[in-house]
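Work through these short exercises with the structure in view. Try each task before you read its solution.

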Number of protein chains: 2
Amino acid sequence: MANPSQSIEAEASRPIINLVALKTVCSSCNLRELCLPVGLSREEIESLDELVYARKTVRRGDSLFRAGDAFRSLYAVRSGCFKTRLSGGDGRDQVTGFQMAGEMLGLDGIGADRHACDAVALEDSEACVIPYAKLEEFSRRFESLHRHFHKVMSREIVREHGVMLLLGSMRAEEKLAAFLVDLSQRFAARGFSPAEFVLRMTRGEIGSLLGLKLETVSRLFSRFHANGLIVARGKRVRILDLVGLRQLAGRSS
Amino acid sequence: MANPSQSIEAEASRPIINLVALKTVCSSCNLRELCLPVGLSREEIESLDELVYARKTVRRGDSLFRAGDAFRSLYAVRSGCFKTRLSGGDGRDQVTGFQMAGEMLGLDGIGADRHACDAVALEDSEACVIPYAKLEEFSRRFESLHRHFHKVMSREIVREHGVMLLLGSMRAEEKLAAFLVDLSQRFAARGFSPAEFVLRMTRGEIGSLLGLKLETVSRLFSRFHANGLIVARGKRVRILDLVGLRQLAGRSS
DNA sequence: GTGTCTTTTTGATCCAGGTCAATTCGAGTC
DNA sequence: GACTCGAATTGACCTGGATCAAAAAGACAC
């Protein structure tokens, strides 16, 4: 594969997606407790500053990468929110996840040197570009980065196991409850309120992740509202009874 | 079926899981075109012989590892067949995959230093033990092993994406067709007939992977049989019309 | 072999969630 | 403000797959 810096530069001239010089480096990034630097030493994080040297801005609705694109880099969400999406051939899409700040995108591309899904921004967003060749080189140099990167991949596998459990053996109510509890935790981990947030995705996108139709998702929001579990008005959600939601999410049929 | 190893015979009477000295090393293993050695040079594969130094035999129904067990090793299926299973708390299980010869088990354990699912043998099976600490050490030494291991993890992520697509957006018929096509390919890759094989898993286990009840799976087998797509008698399956199955699997609602 | 236990098949019935359709809401834009 | 267009809500109805039930077929231990 060509020199990564060149290939990224070339992409910068394309419309839609812009490359900006990285102002905030990993060592001073406010996401360093969530993102790639987790668990690394001071000097290791400083070496990341050299590895993660560029960012891409992606406008709402545009793609960070698409299935079939040549794989060169991983991405860490710096701000905003993405969805990953698989196209099932005939217009049938499946959302495989939503990624928020500090979460990694593109791991699926390593196996076949091409991305296996689309990553679409749900709002205007920024992602840090991590050239994969460099990451490999660095992870051979720094043992804990090496180890940490394996953990990141492994956790993605575990996360997907969770989605499979949800898709394969939960009822609609349980699915949505589990989804809301998960979102709440992730907002909390980023210092936002776990009880009140704005959804970045549509009912249809939530439904796609959960294996439900958008009408069903909408009805469930209304039902949860009526049952005093949440207050939902459009994309604005307030969780009133997290314990109740948790019980719903964990309960058997 | 995969080659019997005479040395195991003596140990067969010992309880449940036995550790046996590895007679067949990676460099002479008949799975080296499928397993960890793929794409490695002669000498790199010889170094694997040092890494993969033991095997475990697991009797049908027993576990290779269980969710919560401390994570120390990865495993490569040497012979037989496993399922990975997630327990959803209250007796509700979800099968997350079936693994056959040459496929890797335990990748989910790296992230949290504990296994996140159970790996259960569907028949008397053997797995090569790959101590993770050693794998890390070796992969820092051998660039292509390093790279290859990342690919293995990434492909597992992609495989799970596929299961999510299946669970989230296919109808029952399409799910089972996709499952049979996948099995057929995997048997073919191992030198077995792609058209005639014996299922190692029950209808219930297939149903769990596909998000269906066992009665539905059974009815679908009967329907496929009636439609001339397959001949199914119990666990023995013959595919008569692979093209037809493929079309079913890829078709929209 | 005989008996026991698990798995599979098949039928009858039911209901959770899908489908179709009609408003209503809300974020942009001019 | 008024207009537009996608997103969300809600109702009415339908259906694919679940559930319940019972019998048949294997698999395995003794």
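**Exercise 1.** Which helix of chain A gives the most to the surface near DNA strand D?

*Solution.* Keep in mind that this is a predicted model. Start with the whole surface: 23 residues surround DNA strand D. The closest are A:Thr202, A:Ser218, A:Ser222, B:Arg171 and B:Thr216. Next, find the elements that give two or more residues. In chain A they are helix 6 (203-210) and helix 7 (214-226). In chain B they are helix 4 (172-189) and helix 6 (214-226). Helix 7 of chain A gives the most, with six residues.

**Exercise 2.** Sort the residues near DNA strand D into nonpolar, polar and charged.

*Solution.* Count each class in turn. Five are nonpolar, eight are polar and 10 are charged.

**Exercise 3.** Describe the surface near DNA strand C in the same steps.

*Solution.* Around DNA strand C there are 22 residues. Those that come nearest are A:Ala172, A:Thr216, B:Thr202, B:Ser218 and B:Ser222. Chain A gives two or more residues from helix 5 (172-189) and from helix 7. Chain B does so from helix 5 (203-210) and helix 6. The largest share, six residues, comes from helix 6 of chain B. By class, the surface has five nonpolar, eight polar and nine charged residues.

**Exercise 4.** What rotation superposes chain B on chain A?

*Solution.* Two copies of a chain are related by a rotation about an axis and a shift along it. Here the rotation is 180°, the shift along its axis is 0.0 Å and the RMSD is 0.0 Å. The two copies are therefore related as by a two-fold rotation axis. Now check the contact residues: 100% of those of chain B recur in chain A, and the same surface serves both copies.

Notes:
Residues are numbered from 1 along each chain as its sequence is written. Chains are lettered from A and ligands numbered from 1 in the order in which they are written. This is a predicted model: local features need pLDDT of at least 70, side-chain atom pairs count only at pLDDT 80 or more; totals for chains, interfaces and linings use all residues. A residue is near a molecule or strand if its C-beta atom, placed from the backbone, lies within 6 Å of it. Helices (H or I, at least four residues) and strands (E, at least two) are DSSP runs, numbered from the N terminus. Ala, Val, Leu, Ile, Met, Phe, Trp, Tyr, Cys and Pro count as nonpolar, Asp, Glu, Lys and Arg as charged, and the others, Gly among them, as polar. Copies are superposed by least squares on the C-alpha atoms of residues with pLDDT of at least 70 in both. Two residues are in contact if their C-beta atoms, placed from the backbone, lie within 7 Å.
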